[in-house]
Amino acid sequence: MRSLLILVALLAFLEGAITSGPFTALAPKQTYLTGSLAEGQVLFYDFNGFTPGTCWRVSENATFDLLWGEFAENGTLLQYQDSVISGTVTPSGLIKLGVSGWADFRFIGDHTHDGTFVVNISCLLYTSPSPRDRTRSRMP
């Protein structure tokens with residue numbers, strides 16, 4: 001059992017160490033993008049000029065079953081989702097996204113999907129509530 005847990009931990013570590021690119025830099029604060037994806041293709045985008053720490057969310061419309069990936073500034077895969085993905089703008093103001101076909105969890109082009117997609121990114125300034133706001137105060 002212990003060997004199995006070690007193997008699972010190693011695989012999780014290796015999956016998190018996936019790096020990708022190159023990333024196409026878009027216009028500052030661009031939040032709308034249309035594109036097309038061919039079988040075996042992966043596209044990487046740098047959405048830039050956003051306020052660090054801002055929460056973002058992608059909504060999309062696609063003619064195929066796509067897969068989103070969020071990447072760290074160094075290109076390391078942080079997460080993947082199939083239709084809606086959200087995260088936090090990096091310290092340098094970037095949102096780094098990859099687009100691939102479903103089941104290409106390593107973003108290496110291992111898919112047979114093709115089609116067009118439209119991306120719209122929403123950014124909201126998120127402020128964590130203070131501990132004072134999370135507790136109910138009673139008036140005497």
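**View 1. Thr112 is an exposed loop residue of this predicted model.** Its relative accessible area is 59%. That value puts Thr112 in the exposed class, because exposed means over 50%. Thr112 sits in the loop between β8 and β9. Gly40 is 72 residues away along the chain, but the C-alpha atoms of Thr112 and Gly40 are separated by 6.1 Å.

**View 2. Ala103 is a partly exposed residue of the β8–β9 loop.** The loop between β8 and β9 holds Ala103. Here the relative accessible area is 36%. Ala103 therefore falls in the partly exposed class, between the cut-offs of 20% and 50%. Leaving aside neighbours within four places in sequence, Ala103 contacts Leu67 and Asp110. Asp65 is 38 residues from Ala103 along the chain, and the two C-alpha atoms are separated by 9.2 Å.

**View 3. The whole chain combines two helices with nine strands.** From start to end of the sequence, the pattern reads α-β-β-β-β-β-β-β-β-β-α. The chain has 140 residues, and 36% of them count as buried. About 8,800 Å² is exposed. Carbon and sulfur atoms supply 56% of that area. Take the contacts between residues at least 6 apart in sequence: 71% of them join residues at least 24 apart.

**View 4. Asp46 and Lys96 form a salt bridge.** Their side chains meet at 2.7 Å, N to O. Asp46 belongs to strand β3 (residues 43–47) and Lys96 to strand β8 (residues 95–101), so the pair ties together parts that are 50 residues apart in sequence. A search of the whole structure finds one salt bridge. Are the two partners buried or exposed? Both Asp46 and Lys96 are buried.

**View 5. Strand β5 is mostly covered.** Six of its six residues are buried. Leu66, Trp68 and Glu70 point one way from β5. Leu67, Gly69 and Phe71 point the other way. The residues of both sets are buried. β5 runs antiparallel to β8, and six bridges join the two strands. Phe71 stands opposite Lys96 in β8. Lys96 is also the salt-bridge partner of Asp46.

**View 6. β5 and β6 form a hairpin.** Five residues lie between the two strands. In the turn, Gly75 has a positive phi of about 90 degrees. Strand β6 covers residues 77–81 and pairs with β5 in the antiparallel sense over four bridges. Leu77 in β6 is the bridge partner of Phe71.

**View 7. Four strands form an open sheet.** The order is β2-β9-β4-β7, with antiparallel pairing. β2 (32–37) and β7 are the edge strands, and each pairs on one side only. On average, neighbouring strands of this sheet are turned by 25 degrees against each other, direction ignored.

**View 8. Strand β4 pairs with β7 and with β9.** β4 spans residues 55–62, and β7 spans residues 85–88. They pair in the antiparallel sense over four bridges. Strand β9 (residues 115–124) also runs antiparallel to β4, joined by eight bridges. Which residues does Trp56 pair with in β7 and in β9? In β7, the bridge partner of Trp56 is Gly87. In β9, the bridge partner of Trp56 is Cys123. Elsewhere in this view, Val58 stands opposite Ile85 in β7.

**View 9. The largest nonpolar core has 20 residues.** Phe47 and Phe117 have the most contacts inside it. β2, β3, β4, β5 (66–71), β8 and β9 each give two or more residues to this core. Another core, of seven residues, lies apart from it. Its members include Phe44, Leu67, Phe71 and Leu77.

**View 10. Phe47 has contacts with several residues beyond its sequence neighbours.** Residues up to four places away in sequence are not counted here. Phe47 touches Leu26, Gln30 and Leu33, among others. Gly93, Leu94, Ile95 and Leu97 are also on its contact list. So is Ile121.

Conventions
Residues numbered from 1 in each chain as written. Predicted model: local features only at pLDDT ≥ 70, side-chain atom pairs only at ≥ 80, totals over all residues. Heavy atoms only, no water. Salt bridge = Lys/Arg side-chain N within 4 Å of Asp/Glu carboxyl O. Buried < 20%, exposed > 50% of the residue type's maximum accessible area, 1.4 Å probe, protein only. Pairing = 2+ DSSP bridges. Axes fitted to C-alpha atoms, helices over the stretch in contact; angles between N-to-C directions. Core = buried A, V, L, I, M, F, W, Y, C linked by side-chain atoms within 4.5 Å. Contact = heavy atoms within 4.5 Å. Areas by Shrake-Rupley, 256 points an atom, 1.4 Å probe, with all protein chains shown as cover.
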